Amino acid sequence: MFPYPSGTLHLGHLRVYTIADVLARYRTLQGYNAILPMGWDAFGLPAENAALERGVNPATWTKQNIEKMKKQLEVMNGNWDWSRELATCDPSFYKHTQKIFLMLHEKGLAYQDEAEVNYDPVDKTVLANEQVDANGCSWRSGAKVEKRRLKQWFLRISEFRESLLRDLDVLAKNDAWPERVLAMQKNWLGKSTGAMIKFPVFAFNQDIHAGIEVFTTRPDTLFGVQYLALAASHPIVADLAKSDPELQAFLDTLPGLPPDSKVGYLLPHIRAINPLAYHEDTPEATKESIPVYVAPYVLGDYGEGAVMGVPGHDSRDHAFWKEHHYDKPIRVVLSASEDESTTAMLNEPFVEHGVMTAHSGPFKGLSSKKAGEMMLTMLEAAELAKPVEKWRLRDWLISRQRYWGTPIPIIHCNSCGPVPVPDDQLPVELPEVDAHWAKGKTGNPLESAEEWLPFAADNAKTLLPVDQYIGGIEHAILHLLYARFIYKFLMNSSLVTENGGPPEAVHEPFTRLISQGMVHGKTYTNPENGRFLQPDEVDLTDPSQPKVTATGKPATVSFEKMSKSKRNGVDPTEFISRHGADATRAHMLFQAPVSDVVNWDEEKIAGITRWLGRLYDVTLRAGSWWRDDDGKPIKTWFEERAKQLDSMDDTQLAQWDSDSSVWRHVQNTITSVTSSYNEVYSLNTIVSDLMILTNTIADTDAADALIRREALSALIRMLAPIAPAFAEECWSILHQTSHSLFSSASFPVVDESLSLLEPRLQTCAVQVNGKLRVAVDIPKPPASLQGDELRDWIVGQIIKTEEGKAKLVNGSLDISSAKKVVVVRGGKTVNFVL
């Protein structure tokens with residue numbers, strides 16, 4: 001577990017920590033050495049911003065929050081391994097971070113370079129691409145992100161891109177990682193195989209490049225290019241903006257536009273030529289020069305910051321062309337079939353592969369894939385194209401222009417350049433700048449700190465990889481991709497192996513990934529104005545019909561992500577103080593499968609508390625169930641009695657039926673619960689399975705005391721990972737011991753007794769003239785009986801039952817006078833025709 005020490009735990013923390021603790025306790029009961037460590041992701045902007053607001057050092061604020069959150073964690077009944085506690089802001093920890101950085105630097109995998117970066121003007125720091133949302137805003141401050149060119153530190157994650165992509169196939173086996181996470185990482189890596197196409201350019205009175213290079217994965221659509229579009233950061237755009245104030249003014253507006261904006265700036269005096277124009281058989285329309293635009297939908301950090309606009313076969317290009325050339329026809333150069341039927345459907349582009357149309361000149365009628373290969377070969381010979389491979393992944397920008405983070409262990413010397421700090425001088429610690437916090441100044445306090453200059457192999461092999469990582473889907477790219485990169489580097493470094501290991505070796509830090517869903521809170525709004533209501537503004541006299549206190553009208557109820565603005569937050573420690581930690585844990589798990597959203601409803605915990613109360617009562621009664629069993633396993637107990645079945649009287653057979661029914665239920669529950677613990681995502685069904693087993697044990701008074709006692713023992717052990725304190729209490733009552741269940745017992749396993757416990761009775765549905773009258777339990781008929789003998793035997797058994805005798809013989813019906821008796825499915829259904 002690795003929370004950020006914000007000072008307050010929420011229900012999302014409770015859910016993920018409960019899941020992790022349940023799984024760790026389950027593996028402990030199975031005999032494994034389960035490690036559930038706790039640490040604090042303690043560096044970062046929120047702590048620094050909070051320190052500025054409060055006028056305190058971020059270290060002071062962070063440590064206070066850690067202590068507060070540790071007290072909250074204590075009430076959750078979690079079995080955290082505090083001996084392994086760490087905090088990333090502790091110099092004794094981040095000296096290892098600095099050592100890894102120096103190792104990366106030594107291998108050329110950490111470097112400085114000037115780059116256009118995302119800059120948050122509020123937090124005054126650089127952001128990674130992953131920290132900018134879809135609207136171009138900072139994920140922390142919400143400010144509109146600016147583009148600036150700064151000298152930054154990068155980690156060369158691109159060196160590991162092939163293994164990061166290839167090994168996703170390993171993580172996909174046996175559904176070890178969620179398919180959604182694998183897809184997100186694959187998309188972020190973004191490997192594309194395509195071609196670099198050179199479009200010659202002619203310009204009037206402009207000194208620019210002789211051509212514009214465009215990366216495309218669809219060379220088959222070249223005949224359909226009707227314009228080129230450049231990113232705002234493209235070198236041509238930067239050069240032209242120096243002498244074109246209108247272009248510069250346009251560029252200044254782009255940061256405020258959404259990424260899918262259709263605006264564009266037509267570059268005057270510049271036209272591009274389709275490279276296919278030099279082929280004599282190319283249609284005249286393709287030989288015409290095409291306009292060049294600057295467009296915000298073109299990404300400067302992918303491909304070459306330029307795209308070829310193909311309105312007929314790309315959705316974004318289609319929308320852009322319609323915006324700027326609504327009165328001009330769209331050229332469709334490939335179709336779904338040879339009859340070119342899709343060429344008449346111009347409202348939507350045809351984006352699939354197909355058959356080349358007449359607009360493709362000499363390639364008409366060919367499959368688009370084959371035509372694309374031929375065009376690429378032809379242009380490559382003319383040095384106008386070449387096959388290339390592109391990746392969306394960019395090197396990891398790690399520089400941040402703020403104080404509260406790990407110092408980079410590099411000394412910047414004016415005469416000899418960047419110099420790594422020697423290992424024996426690590427850690428490079430942050431200086432004390434208390435005056436800066438007292439003033440509440442934003443920005444980097446290190447700018448004014450003039451005096452500041454800035455793993456065990458055996459354990460790694462024993463404890464790694466981590467068997468199970470539990471975290472929300474928001475970890476899919478940031479945390480997990482970077483963790484995979486660093487782990488691959490370290491496992492191939494001299495820290496672990498002398499020679500670095502074979503390059504094709506698979507090194508993955510997390511064997512299995514569990515992504516839990518969010519917790520949504522019950523939200524009340526005023527239907528008249530949509531305003532979120534405070535708890536004291538809602539009349540819950542009748543919880544099923546909440547009303548707005550001020551007006552008496554029904555309030556609108558929904559479940560939404562918890563936030564202060566929606567007034568739907570729940571303090572887990574307060575909830576635990578009212579209902580108990582174990583009941584809260586069971587309630588959290590019971591509400592939904594692990595991967596689903598939990599709609600948190602406090603009222604529903606009543607069912608959990610009733611169940612635990614009933615189970616506790618059963619445990620107290622179990623004191624009277626004791627009898628000497630000579631220490632025999634239950635399976636042996638049943639084997640001995642099974643040999644006597646043929647000689648048992650009715651009373652003894654009834655006892656056998658009760659005993660075998662209870663133990664059969666226990667064995668089936670062990671199988672189901674074990675599967676759910678192993679599968680993880682269905683932890684909710686464990687609670688329901690144990691509820692049903694509790695009812696069986698409580699209601700089957702006829703069962704032998706030994707069977708009921710052993711059934712209860714198995715139930716308590718299956719419950720222990722979910723409700724550890726409650727299970728410990730029940731265990732001490734049942735066994736009259738002070739030893740912990742987790743140290744003295746093991747998780748139950750099936751004893752292979754089911755083959756002995758086949759039900760001796762079967763339910764027979766009795767119909768009269770096709771209408772169901774009663775269902776009775778009768779013995780299973782001997783396999784040797786057939787035809788009339790089976791019919792007579794079944795009728796006799798029905799009449800022997802109390803319900804059969806009362807309703808079918810002595811009541812208003814008398815089946816003895818039936819004209820016909822039809823036996824179906826070996827006696828499971830019988831129809832009497834009267």
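**Exercise 1. How many aromatic pairs does the count come to?**

Welcome! Keep in mind that this is a predicted model. The task is to find the total and then look at one example.

*Step 1.* The count comes to 24 aromatic pairs.

*Step 2.* One of them joins Tyr-26 and Phe-747, with 4.9 Å centre to centre and 85° between the planes. Planes over 60 degrees apart count as edge-to-face, and this pair is edge-to-face.

*Step 3.* Now check the surroundings: Tyr-26 and Phe-747 are both buried.

**Exercise 2. Describe the aromatic pair of Tyr-227 and Tyr-293, then explain why both count as buried**.

*Step 1.* Start with the geometry. The rings of Tyr-227 and Tyr-293 lie 5.9 Å apart, centre to centre, and their planes make an angle of 85°, an edge-to-face pair.

*Step 2.* Next, place the partners in the chain. Tyr-227 belongs to strand β8 (residues 227-230) and Tyr-293 to strand β10 (residues 290-294). With their positions 66 residues apart, the pair links distant parts of the chain.

*Step 3.* Compare with the cut-off: buried means under 20% relative accessible area. Tyr-227 has a relative accessible area of 0%, so Tyr-227 is buried. Tyr-293 has 4%, and therefore Tyr-293 is buried too.

*Step 4.* Finally, widen the view. Tyr-227 and Tyr-293 form one aromatic cluster together with Tyr-297, Phe-320 and Trp-321.

**Exercise 3. Which rings have the charged end of Lys-70 or Arg-156 sitting over them?**

*Step 1.* Look at Lys-70: its charged end sits over the ring of Trp-82, 4.9 Å from the ring centre.

*Step 2.* Turn to Arg-156, whose charged end sits over the ring of Tyr-111, at 4.0 Å from the centre.

**Exercise 4. Build up a picture of the second largest pocket, from its volume to its lining**.

*Step 1.* The second largest pocket holds about 680 Å³ of space.

*Step 2.* Its lining has 24 residues, and those closest to the pocket centre are Phe-215, Thr-217, Tyr-302, Asp-314 and Arg-316.

*Step 3.* Sort the lining by class: ten residues are nonpolar, eight are polar and six are charged.

*Step 4.* Ask which elements contribute. At least two lining residues come from each of α7 (179-189), β7 (211-216), β11 (306-309) and α11 (315-324). The largest share, three residues, is supplied by β11.

*Step 5.* Zoom out to the domains. Domain 2 (158-190 + 455-518) and domain 3 (191-391) each give at least three residues to the lining of this pocket.

Key: Residues are numbered from 1 along each chain as its sequence is written. This is a predicted model: local features need pLDDT of at least 70, side-chain atom pairs count only at pLDDT 80 or more; totals for chains, interfaces and linings use all residues. Side-chain values use heavy atoms; hydrogens and water are left out. On a 1 Å grid over the protein atoms alone, a cavity is a set of points where a 1.4 Å probe fits but cannot get out, and a pocket is an open set with protein on both sides within 12 Å along at least five of seven lines; lining residues have an atom within 4 Å of a point. Grid points are joined across faces, edges and corners, and a volume is the space filled by probe spheres set on the points. Helices (H or I, at least four residues) and strands (E, at least two) are DSSP runs, numbered from the N terminus. Ala, Val, Leu, Ile, Met, Phe, Trp, Tyr, Cys and Pro count as nonpolar, Asp, Glu, Lys and Arg as charged, and the others, Gly among them, as polar. Domain bounds come from an automatic or database domain assignment. Rings of Phe, Tyr and Trp (its six-membered ring) pair if their centres lie within 6.5 Å; planes under 30 degrees apart count as stacked, over 60 as edge-to-face and the rest as tilted. Buried means under 20% relative accessible area, exposed over 50%, partly exposed in between (1.4 Å probe, protein chains only). A charge sits over a ring if NZ of Lys or CZ of Arg is within 6 Å of the ring centre and within 35 degrees of the ring normal.
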